[in-house]
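Trainee: Could you take me through one part of this model up close? I'd like the cut-offs behind each term along the way.

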Amino acid sequence: MNSTNLDRLLAASESAKIFYVSLPDYVRGAVIKNSDKITDEETLRRFADNIMHEFTS
């Protein structure tokens, strides 16, 4: 299995990993589907926030 940008981010950043595991399952699923687009913690947080807003609007 190839390593994705998300895999590399989570391996390198403890704060990104803590944030990621705190997300609801549906958000983590969306993040995984877009894992190559997530290259840094700011992008991860912004993407997760957007997904949560879509589901609560």
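Mentor: Start at Ser13, which sits in the loop between α1 (5-12) and α2 (14-22). Helices here are DSSP runs of H or I with at least four residues, strands are runs of E with at least two, and both are numbered from the N terminus. Keep in mind that this is a predicted model, where local features need pLDDT of at least 70, side-chain atom pairs count only at pLDDT 80 or more, and totals for chains, interfaces and linings use all residues. Residues are numbered from 1 along each chain as its sequence is written, and side-chain values use heavy atoms, with hydrogens and water left out.

Back to Ser13: its relative accessibility is 15%, so it counts as buried (buried is under 20% relative accessible area, exposed over 50%, partly exposed in between, using a 1.4 Å probe and protein chains only). The Ser13 side chain also makes a polar contact of 3.4 Å with the side chain of Glu41. That term means a pair of N or O atoms within 3.5 Å; within protein, one must be able to donate a hydrogen and the other to accept it, and residues adjacent in sequence count only if both atoms are side-chain atoms.

On the α1 side of that loop, Leu10 belongs to helix α1 and is buried too, because its relative accessible area is 14%. Setting aside neighbours within four places in sequence, Leu10 is in contact with Ala16, Lys17 and Tyr20 (contact means heavy atoms within 4.5 Å). Leu10 and Asp40 lie 30 residues apart in sequence, with 9.2 Å between their C-alpha atoms.

Now for how the helices pack. Two packed helices are described by the angle between their axes and the distance between the axes. Take α2 and α4 (residues 41-56): their axes are 10 Å apart, at an angle of about 15°. Axes are lines fitted to C-alpha atoms, for helices over the stretch in contact, and angles run from 0 to 180 degrees between N-to-C directions. The pair is therefore roughly parallel; the cut-offs are under 35 degrees for roughly parallel, over 145 for roughly antiparallel, 65 to 115 for roughly perpendicular, and oblique for the rest. The α2/α4 crossing is left-handed, meaning the near helix is turned anticlockwise from the far one by less than a right angle; clockwise would be right-handed. Ser15, Ala16, Phe19 and Tyr20 from α2 meet Glu41, Leu44, Arg45 and Ala48 from α4. That contact splits into 5 nonpolar, 1 polar and 2 charged residues (Ala, Val, Leu, Ile, Met, Phe, Trp, Tyr, Cys and Pro count as nonpolar, Asp, Glu, Lys and Arg as charged, and the others, Gly among them, as polar).

What about α3 (25-33) against α4? Their axes come within 10 Å and cross at roughly 125°. That makes α3 oblique to α4, and the crossing is right-handed. Here Tyr26, Val27, Ala30 and Val31 of α3 meet Leu44, Phe47, Ala48, Ile51, Met52 and Phe55 of α4. The split is 10 nonpolar, no polar and no charged.

Ile51 in helix α4 is worth picking out: it counts as buried because its relative accessible area is 9%. Beyond its neighbours within four places in sequence, Ile51 is in contact with Tyr26, Val27 and Ala30. Ala30 is 21 residues away along the chain, yet its C-alpha is 7.5 Å from that of Ile51.

Finally, look at Ser35, in the loop between α3 and α4. Ser35 is buried because its relative accessibility is 10%, and apart from neighbours within four places in sequence, it is in contact with Thr4, Asn5 and Leu6.
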